[in-house]
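Trainee: Could we zoom in on one helix pairing and then work outwards from there? I'd like the long version.

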2 protein chains.
Amino acid sequence: MLTIYGMGVSGNCYKLQMLLAQLKLACRWVEVDSANGETRTPEFLARNPNGKVPVLELEDGRILAESNAILCFLAEGTDLLPEDHWQRALVLQWLFFEQYSHEPKIAVARFINLFLAEDHPRRGELPRLVEAGHEALALMENHLSAGRAFFVGDSATVADIALFAYTHCAEDGGFDLSGYPELLAWLARVRSLSGFVPMKS
Amino acid sequence: MLTIYGMGVSGNCYKLQMLLAQLKLACRWVEVDSANGETRTPEFLARNPNGKVPVLELEDGRILAESNAILCFLAEGTDLLPEDHWQRALVLQWLFFEQYSHEPKIAVARFINLFLAEDHPRRGELPRLVEAGHEALALMENHLSAGRAFFVGDSATVADIALFAYTHCAEDGGFDLSGYPELLAWLARVRSLSGFVPMKS
């Protein structure tokens with residue numbers, strides 16, 4: 001059986017919960033509390049020297065890190081990762097966009113806002129993160145406004161799963177989504193997918 | 001013919017120059033100077049609303065952004081992107097590592113160090129970037145020290161190309177590589193690949 005080392009409140013880990021539920025894949029889930037240093041223990045670092053969740057462990061002990069690489073690995077051969085060369089390239093484009101231009105702004109703003117003290121110095125980063133996060137959200141809104149139901153092609157892919165993970169809880173980071181009607185409609189479409197599961201809280 | 005909109009001194013664009021040279025792919029290169037706002041013009045934003053180089057344009061006008069997505073698209077069917085499901089997953093793992101844990105530290109430190117004024121306030125970010133960049137370099141060193149010639153499998157892949165792009169010029173950002181013998185040996189191995197081209201300067 002597959003094992004995932006993950007943390008319920010992490011959007012990067014939630015991506016895998018969404019995928020597993022949609023694909024009806026059985027998996028052992030080992031909760032790792034990074035807030036309490038559990039991703040920095042020698043045991044965890046032997047699995048992922050980068051000290052991050054999620055990590056996928058195959059039955060034979062092979063290890064894969066990076067949420068979006070795990071999404072692609074598990075979705076291979078399903079409709080969630082198109083076979084077509086161009087469509088697949090676009091899925092990867094959005095996955096890299098998510099990890100470079102979206103998550104480091106929107107997820108980090110959420111982390112600071114939800115988990116750090118009111119007087120923590122990192123709160124000073126929030127205005128810049130919120131500005132850059134809104135640029136990512138506006139780009140997504142604009143992409144969807146061209147009559148697209150999903151980010152690539154006509155049905156959901158791992159690009160939608162990856163982008164949903166931190167967009168649906170962007171308000172935790174101080175982002176008001178009411179100005180993004182296409183994004184709100186897309187969030188509702190993802191929530192209505194067969195096998196959708198909400199994020200653990 | 002393929003067109004790439006890129007900037008010669010950008011490591012993300014250099015990845016594509018390396019790939020094109022190794023695959024002997026012909027390509028039209030359009031130089032875009034992001035330092036002079038050329039990635040923020042309406043014409044460029046129509047191609048990539050994210051305002052970043054590189055961008056690949058196919059002959060029929062289709063557009064692909066994100067350097068690592070372009071690498072995978074162009075390398076499909078070649079030895080630089082393994083067909084094997086697991087090997088490909090590991091390549092993606094390193095590509096996402098590069099864009100999340102490596103480039104935002106090592107490339108950004110280089111940018112600040114090379115291109116911003118001596119008294120620019122962003123120079124205050126350098127100590128934190130250098131510390132985090134060294135974590136990425138140490139992780140790479142450790143991975144290679146297990147007798148690996150390349151990051152995935154026994155021959156070069158797009159993972160090596162992506163990681164080489166900003167590692168080989170990390171000293172521009174204030175990183176001393178002399179403490180990373182495995183990394184230096186790997187840099188030399190990549191430089192000795194058939195079709196290797198140095199970065200434009």
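Trainee: At what angle do α4(A) and α6(A) pack, and how far apart are their axes?

Mentor: Bear in mind that this is a predicted model, in which local features need pLDDT of at least 70 and side-chain atom pairs count only at pLDDT 80 or more, while totals for chains, interfaces and linings use all residues. Residues are numbered from 1 along each chain as its sequence is written, with chains lettered from A and ligands numbered from 1 in the order in which they are written.

Now your pair. The angle between α4(A) and α6(A) is about 10°, and their axes are 9 Å apart. (Axes are lines fitted to C-alpha atoms, for helices over the stretch in contact, with angles from 0 to 180 degrees between N-to-C directions.) That makes the two helices roughly parallel, the word for angles under 35 degrees; over 145 is roughly antiparallel, 65 to 115 roughly perpendicular, and the rest oblique. The helices themselves are DSSP runs of H or I, at least four residues, and strands are runs of E, at least two, all numbered from the N terminus.

Who does the touching? On the α4(A) side, you'll find Val91(A), Trp94(A), Leu95(A), Glu98(A), His102(A), Glu103(A), Ile106(A), Ala107(A) and Arg110(A). Facing them from α6(A) are Val158(A), Ala159(A), Ala162(A), Leu163(A), Tyr166(A) and Thr167(A). Contact here asks for C-beta atoms, placed from the backbone, within 7 Å. If the spacing along each helix looks regular, recall that an α-helix has 3.6 residues a turn, so residues three or four places apart point the same way. By class, this contact has 10 nonpolar, two polar and three charged residues. (Ala, Val, Leu, Ile, Met, Phe, Trp, Tyr, Cys and Pro count as nonpolar, Asp, Glu, Lys and Arg as charged, and the others, Gly among them, as polar.)

α4(A) has a second job in the picture, at the chain boundary. There, 24 residues of chain A are in contact with 24 residues of chain B. β4 (63-65), α3 (67-75), α4 (85-115) and α5 (126-144) of chain A each put at least two residues into the side facing chain B. α4(A) gives the most, with 11 residues. Sorted by class, the chain A side comes to 14 nonpolar, seven polar and three charged residues.

Look at how the chains relate, too. Chain A superposes on chain B by a rotation of 180° with 0.0 Å of shift along its axis, at an RMSD of 0.0 Å. That's what a two-fold axis gives you. The fit is by least squares on the C-alpha atoms of residues with pLDDT of at least 70 in both copies. Both copies use the same surface: 100% of the contact residues of chain A recur in chain B. The residue of chain A that comes closest to the rotation axis is Tyr100(A), its C-alpha 3.1 Å away.

Next, follow α3(A), which also reaches the chain boundary. Nine of its nine residues are buried, meaning that 20 or more other C-beta atoms lie within 10 Å of a residue's own; 12 or fewer makes it exposed, and in between it's partly exposed. Among the buried ones are Ile70(A), Leu71(A), Cys72(A) and Phe73(A). Their cover includes α1, β3 (55-57), β4, α4 and α6 of chain A, together with α4 (85-115) of chain B, so both helices of your pair turn up here again. After α3(A) comes Gly77(A), with a positive phi near 85°.

Chain A is assigned two domains, domain 1 (2-75) and domain 2 (85-191), with bounds from an automatic or database assignment. Their C-alpha centres lie 21 Å apart, and 11 residues of domain 1 are in contact with 11 residues of domain 2. On the domain 1 side, α1 (11-23) and α3 of chain A are the elements giving two or more residues. α1(A) has the largest share, six residues.

Finally, two backbone oddities. Most residues other than glycine have a negative phi, and most peptide bonds are trans. Yet Lys24(A), in the loop between α1 and β2 (27-31) of chain A, has a positive phi near 55°; Lys24(A) is exposed, with 8 other C-beta atoms within 10 Å. A cis peptide bond, omega about 0°, joins Val53(A) and Pro54(A), and Pro54(A) sits in the loop between α2 (42-47) and β3 of chain A. In chain B, Val53(B) and Pro54(B) are likewise joined by a cis peptide bond.

Note on methods. Contact = placed C-beta atoms within 7 Å.
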